[in-house]
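Please open the model in a viewer and set the display to a cartoon with side chains available on selection. The stops below are meant to be followed in order.

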Amino acid sequence: MFAFIGFSLINSLTSKYIETATILNTPVSIPVLYIYSVTFSPMIEEYICRGLIFKRLSKKLGFTIAALVSSVAFAIPHFNPTAFIGYVFIGFVWCWYYKKSNSLLVPIISHAAFNFISILLMSLKG
């Protein structure tokens, strides 16, 4: 919940300055979006950003720099300038989860829950 609240707060503060399009253009996209975003996306993104990038860099550069680089690498492919800082923040949180648990399962589950809640809220807004 801390990650979701932080992301939402950062996103709401930065969205005043940058305009972006919504990803939910049609109701048909919602089931596909849920399936991809709640299952495949967290596994793939966490494996790449935390399991590969963060894990390797943290051995050489320490937690902070590795988490920052990994989090920026996580934020860039989302193609959302409004939420960029929020994505970096949440990526940093997931690096911390990974470091504390020493398991990719923890950030994967957190990522899946985050995506589920985000999409649910977006679909309720219309």
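The tour goes from the overall fold to the cores, the aromatic rings, single residues and the loops.

**Before selecting anything**

This is a predicted model, in which local features need pLDDT of at least 70, side-chain atom pairs count only at pLDDT 80 or more, and totals for chains, interfaces and linings use all residues. Residues are numbered from 1 along each chain as its sequence is written, and side-chain values use heavy atoms, with hydrogens and water left out.

**Stop 1: the whole chain**

Display the full cartoon: the protein has five helices and zero strands, and its elements run α-α-α-α-α from the N terminus on. Helices (H or I, at least four residues) and strands (E, at least two) are DSSP runs, numbered from the N terminus. Of the 126 residues, 36% count as buried; buried means under 20% relative accessible area, exposed over 50%, and partly exposed in between (1.4 Å probe, protein chains only). The accessible surface comes to about 7700 Å², and 72% of it belongs to carbon and sulfur atoms. Such areas come from the Shrake-Rupley method with a 1.4 Å probe; for residues, only the protein chains shown count as cover. Among contacts (heavy atoms within 4.5 Å) between residues at least 6 apart in sequence, 67% join residues at least 24 apart.

**Stop 2: colour by confidence**

Colour by pLDDT, the predictor's confidence in each residue, from 0 to 100. The protein averages 83, and 74% of the residues score at least 70. Among the elements, helix α1 (residues 2-14) has the lowest mean pLDDT, 59, and α3 the highest, 97. Select residues 19-28 next: pLDDT stays under 50 there, and the model has 13 contacts beyond four places in sequence for this segment.

**Stop 3: the largest nonpolar core**

Select C49, F74, A75, A83, Y87, V88, I90, V93, W94, Y97 and F114, the eleven residues of the largest nonpolar core. A nonpolar core is a set of buried Ala, Val, Leu, Ile, Met, Phe, Trp, Tyr and Cys residues joined through side-chain atoms within 4.5 Å. The elements that give two or more residues to this core are α3 and α4 (84-101), and the largest share, six residues, comes from α4. Within the selection, centre on A75, which is in contact with F84, Y87 and V88 when its neighbours within four places in sequence are left aside.

Now isolate α4. This helix has 18 residues and reaches 26 Å from its first C-alpha to its last, close to the 26 Å expected at 1.5 Å a residue; the expected span is 1.5 Å times one less than the number of residues. Its buried residues are G86, Y87, V88, I90, G91, V93, W94, C95, Y97 and Y98.

**Stop 4: a separate core around A67**

Apart from the largest core lies another, of five residues, among them F54, A66, A67 and C95. Select A67, in helix α3 (residues 63-75). A67 is buried, with a relative accessible area of 0%, and touches F54, F92 and C95, not counting residues up to four places away in sequence. A67 and F92 are 25 residues apart in sequence and 5.5 Å apart in space, C-alpha to C-alpha.

**Stop 5: the aromatic rings**

A search of the whole structure finds seven aromatic pairs. Rings of Phe, Tyr and Trp (its six-membered ring) pair if their centres lie within 6.5 Å; planes under 30 degrees apart count as stacked, over 60 as edge-to-face and the rest as tilted. Show F54 and F63, an edge-to-face pair with 5.6 Å centre to centre and 80° between the planes. F54 counts as buried at 3% relative accessibility.

Add F92: the rings of F63 and F92 have their centres 5.5 Å apart and their planes at 85°, so this pair is edge-to-face. F63 lies in helix α3 and F92 in helix α4, so the pair ties together parts that are 29 residues apart in sequence. F92 counts as partly exposed at 27% relative accessibility. Finally add Y98, since ring pairs link F54, F63, F92 and Y98 into a cluster.

**Stop 6: S37**

Move to S37 in helix α2 (residues 29-61). Is S37 buried or exposed? At 10% relative accessibility, S37 counts as buried. Its contacts, not counting residues up to four places away in sequence, are P42, N115 and I119.

**Stop 7: two loop residues**

Select F79, in the loop between α3 and α4. Phi of F79 is near 50°, a positive value in a residue other than glycine, and F79 is exposed, with a relative accessible area of 70%. End at N102, in the loop between α4 and α5 (105-125). N102 has a positive phi near 55° and is exposed, with a relative accessible area of 65%.
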